[in-house]
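Please open the model in a viewer and keep the selection tool at hand. The tour below proposes one selection after another and states what is to be found at each stop.

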Amino acid sequence: ATKPSGRIIITAGHHTKDPGASANGFVERDETINLRNKVVDVLVNNTNGIGIQTDDDKDTLSQVIKNIETNERCVCIDLHFDAAGPTAHGTTVVVPERHTVLETKAAKLLLTNVSDAAQSHPRGVIVPSQTPRKTIGILQYEQGVNLLLEVRFITSNRDMGLYKKYEDHVAKAIAETAIEIYYMLNPEHKP
């Protein structure tokens, strides 16, 4: 049997009808869309033919979930900015409630690489039940590697100032990590 083709899926956590959190002049939707576009730009120039899929800014979350074509050879990273009090800071990765060993390994790698690039405190890897929402729709997939990245706290002037300073480094770290995770799932494609 032929194996399905894998791909890297990068989604902005919010769309034109759902702005997400906003604070300090930043809107999560705008930041996630901008970051997704930067990550995709890096991917397009560095993936050696790996398929890339993104979301449409006009789609609702349910439409994004419906339109994502995932399988056991795909890596999906959903981008967000966290919200809490003004002193909260750092980077978090959320894995599905029923995550695999590979998802945990990939999440730790993403957390380390993005925290280093963003000069950020790595807050850790958690599951949806440990978040304020308790469930996360985008993490419903049971194939491949599925991660939600909380890049920084949009509610922290310090966090967002550092994010803006290192934004291009963060995009590159996400893209390079996505490629590395893809090769974990698809070792036969590694050049």
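**Ser-115 and its surroundings**

Begin by selecting Ser-115, which touches Thr-91, Leu-110, Ser-120, His-121 and Pro-122, residues up to four places away in sequence being left out of that list. The model is a predicted one. Ser-115 belongs to helix α3. Is Ser-115 buried or exposed? Its relative accessibility is 3%, and with buried meaning under 20%, Ser-115 counts as buried.

**Helix α3**

Extend the selection to the whole of α3, residues 101–118. At 1.5 Å a residue, its 18 residues should span 26 Å, and the end C-alpha atoms are 26 Å apart, which agrees. Now colour the buried residues of α3: Glu-103, Ala-106, Ala-107, Leu-109, Leu-110, Leu-111, Val-114, Ser-115, Ala-117 and Ala-118. An α-helix has 3.6 residues a turn, so residues three or four places apart point the same way. Against which elements do the buried residues of α3 pack? Their partners are the strands β5 (75–82), β6 (91–94), β7 (122–126) and β8 (145–153), together with helix α4 (157–185).

Step next to Gln-119, which follows α3. Gln-119 lies in the loop between α3 and β7. Its phi is near 50°, a positive value in a residue other than glycine. With a relative accessible area of 47%, Gln-119 is partly exposed.

**The open sheet**

Show the strands as a cartoon. Six of them, in the order β4-β1-β5-β8-β6-β7, form an open sheet with mixed pairing. β4 (51–54) and β7 stand at the edges with a single partner strand each, so one side of each has no neighbour in the sheet. From one strand to the next, the twist averages 20°.

Select β5 together with its partners. β5 runs parallel to β8, to which 7 bridges join it. β1 and β5 also run parallel, joined by 5 bridges. Cys-76 is a useful point of reference: Cys-76 is the bridge partner of Ile-9, and Cys-76 also stands opposite Asn-146 in β8. Further along, His-80 has Glu-150 in β8 as its bridge partner.

How many of the residues of β5 are buried? The count is 8 of the 8, so β5 is largely enclosed by the rest of the structure. In a regular strand the side chains alternate between the two faces of the sheet. In β5 both faces are covered: Val-75, Ile-77, Leu-79 and Phe-81 are buried on one side, and Cys-76, Asp-78, His-80 and Asp-82 are buried on the other.

Add α4 to the view. This helix lies across β1 (7–12), β5 and β8, and runs at about 170° to β8.

**The largest pocket**

Display the pocket surface. The largest pocket has a volume of about 640 Å³. It is lined by 30 residues, of which the closest to the centre are His-80, Asp-82, Arg-133, Ile-136 and Glu-150. Which strands each supply at least two residues of this lining? They are β5, β6, β7 and β8. The largest share, 4 residues, comes from β5.

**The cavity**

Turn now to the enclosed space. There is 1 cavity of 30 Å³ or more. The largest cavity has a volume of about 70 Å³. To outline it, select Thr-11, Ala-12, Gly-13, His-14, His-15, Asp-55, Asp-59, Leu-61, Val-64, Asp-78 and Ile-138, which line it. The elements that give two or more residues to this lining are β1 and α2 (61–67).

**Two loop residues**

Select Lys-17, in the loop between β1 and β2 (22–23). Lys-17 has a relative accessible area of 65% and is exposed. A distance label from its C-alpha atom to that of Arg-29 should read 9.1 Å, the two residues being 12 residues apart along the chain.

Finish at Asn-24, in the loop between β2 and β3 (26–27). Asn-24 has a positive phi of about 55° although it is not a glycine. At 38% relative accessibility, Asn-24 counts as partly exposed.

Terms used: Residues are numbered from 1 along each chain as its sequence is written. This is a predicted model: local features need pLDDT of at least 70, side-chain atom pairs count only at pLDDT 80 or more; totals for chains, interfaces and linings use all residues. Side-chain values use heavy atoms; hydrogens and water are left out. The expected span of a helix is 1.5 Å times one less than its number of residues. Buried means under 20% relative accessible area, exposed over 50%, partly exposed in between (1.4 Å probe, protein chains only). Contact means heavy atoms within 4.5 Å. Two strands pair if DSSP finds at least two bridges between them. Axes are lines fitted to C-alpha atoms, for helices over the stretch in contact, and angles run from 0 to 180 degrees between N-to-C directions. On a 1 Å grid over the protein atoms alone, a cavity is a set of points where a 1.4 Å probe fits but cannot get out, and a pocket is an open set with protein on both sides within 12 Å along at least five of seven lines; lining residues have an atom within 4 Å of a point. Grid points are joined across faces, edges and corners, and a volume is the space filled by probe spheres set on the points.
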